[in-house]
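Hi,

Here is the structure I said I would pass on. Have a look at it first, and then read on for what I found.

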Amino acid sequence: MPANRHAASRLAIVVRLSVDVGMESLVLPVDYPRLQRVQSFYELVSTPFTAGVNALCWERTLPGDFGEVVAQLGVGEGIMTLDGPTLRSLVLSAAGRVAIDVLLEDLRRLSEQELDPALNCIAGYPRDEQPGPVVTDVFSFHADSSPVEASTYLCTYFGPASEGLKNEDAVRRVDLPATRAELLQAFGGVDDDGFRIFLNEHCYDLHYAAGPGARPFSFGVGNLWRIAVDWPGSPVPPCVHRAPETPLGAPSRLLLIS
Ligand SMILES: [Fe+2]
């Protein structure tokens with residue numbers, strides 16, 4: 001299915017869901033200048049982040065039954081990392097085997113780029129148990145960070161997809177006056193370079209609140225994303241994102257991350 005029809009049909013589904021359950025819709029924005037759609041894996045890995053663009057999305061409608069793969073892996077806890085031999089050992093229908101081929105191919109081509117992709121079956125992430133003034137787990141909107149130039153690659157094959165927040169709708173939690181005051185109290189000093197190091201060491205400066213009226217968007221299922229991270233010298237702001245809530249008892253997510 002052509003990408004524009006794919007987007008249109010998903011839009012219809014999401015709009016219907018929003019009406020049905022009264023939830024905030026998580027439509028992939030069509031007019032967000034920081035998001036650029038690409039048409040191939042080559043374009044995904046080779047397009048530079050420039051002119052403000054900090055998210056590249058290769059929209060895909062994948063063949064295969066990824067739900068069967070997740071079901072075969074069984075009910076687990078936490079995060080199970082899957083390797084090639086584990087995937088090949090699963091006893092699956094033809095549709096399940098097609099899904100395995102897709103997973104192996106994505107792992108192969110990312111590895112070929114000298115990346116280190118991981119395929120995870122996620123029943124649940126650890127929560128920030130003692131959050132303090134700023135929650136720093138993956139359910140909080142955040143930027144990934146790296147000491148050197150890097151990108152994050154993401155694809156949700158099954159289950160709730162990752163979510164993004166436009167930079168224009170995002171406020172760093174450390175810049176909220178009440179939160180900053182609380183952090184200063186925890187630091188026990190003044191708002192100087194030492195305080196900024198403290199914020200950085202605890203990753204407090206990587207987490208964001210959604211501003212008034214903000215509408216997060218879904219990364220969608222099957223799409224392969226490359227998003228900008230926070231690294232010294234980055235020409236664009238990092239892409240703000242989070243893991244979706246995974247309700248207790250819901251099927252696990254199948255997620256590729258690199
Ligand atoms: Fe992240």
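Which residue of strand 12 does Cys155 stand opposite? The partner of Cys155 there is Leu256.

Before going further, a word on what you are looking at. This is a predicted model, where local features need pLDDT of at least 70 and side-chain atom pairs count only at pLDDT 80 or more, while totals for chains, interfaces and linings use all residues. Residue numbers start from 1 along each chain, as its sequence is written. pLDDT is the predictor's confidence in each residue, from 0 to 100. The average here is 88, and 89% of the residues score at least 70. Be careful with residues 1–25, where pLDDT stays under 50. For that stretch the model has 18 contacts beyond four places in sequence (a contact means that the C-beta atoms of two residues, placed from the backbone, lie within 7 Å).

Now the overall picture. The protein has 7 helices and 12 strands; these are DSSP runs numbered from the N terminus, with helices being H or I of at least four residues and strands being E of at least two. Of its 258 residues, 29% count as buried. Buried means that 20 or more other C-beta atoms lie within 10 Å of the residue's own, exposed means 12 or fewer, and partly exposed is in between, with C-beta atoms placed from the backbone. Among contacts between residues at least 6 apart in sequence, 77% join residues at least 24 apart.

Back to the strands. Strand 5 (151–158) pairs with strand 12 in the antiparallel sense, over 4 bridges; to count as a pair, two strands need at least two bridges found by DSSP. Strand 12 (253–257) also runs antiparallel to strand 4, and 5 bridges join the two. One of the partnerships there is Asn120 with Leu255 of strand 12. Strand 12 is mostly covered, with 4 of its 5 residues buried.

Strand 10 (224–228) is the other one to look at. Strand 5 pairs with strand 10 over 4 bridges, again antiparallel, and Ser151 stands opposite Ala228. Strand 2 (55–58) is joined to strand 10 by 4 bridges too, also running antiparallel, with Ala55 opposite Ile227. In strand 10, 5 of the 5 residues are buried. Leu224, Arg226 and Ala228 point one way, Trp225 and Ile227 point the other way, and all are buried.

There is also an open sheet of 3 strands, in the order 9-6-11 with antiparallel pairing. Strand 9 (217–218) and strand 11 (240–242) are its edges, each pairing on one side only. Strand 6 (residues 163–165) is joined to strand 11 by 3 bridges, and Leu165 has Val240 as its bridge partner.

Next, the inside. The largest nonpolar core has 41 residues; such a core is a set of buried Ala, Val, Leu, Ile, Met, Phe, Trp, Tyr and Cys residues joined through C-beta atoms within 7 Å. The members that touch the most others are Ala55, Phe66, Leu103, Trp225, Val240 and Leu254. Helix 5 gives the largest share of this core, 5 residues. Apart from it lies another core of 5 residues, among them Val174, Leu183, Leu199 and Tyr204. As for Trp225, its contacts outside its neighbours within four places in sequence include Ala55, Tyr153, Cys155 and Phe219.

Helix 5 (94–112) deserves a slow look. Its buried residues are Ala99, Ile100, Leu103, Asp106, Leu107 and Leu110. Why do they sit on the same side of helix 5? They cover an arc of only 125° around the axis, taking the directions from the helix axis to the C-beta atoms. These buried residues pack against helix 3, helix 4 (84–89), strand 4, strand 5, strand 10 and strand 12. The face turned away from the buried side carries the exposed residues Ala94, Asp101, Glu105, Arg108 and Glu112.

Lastly, two residues with an odd backbone angle. Glu114 has a positive phi of about 60° although it is not a glycine, and its place is in the loop between helix 5 and strand 4. Glu114 is exposed, with 6 other C-beta atoms within 10 Å. Cys203, in the loop between helix 7 (193–201) and strand 8 (208–210), has a phi near 60°, also positive in a residue other than glycine. Cys203 counts as partly exposed, with 14 C-beta neighbours inside 10 Å.

Cheers
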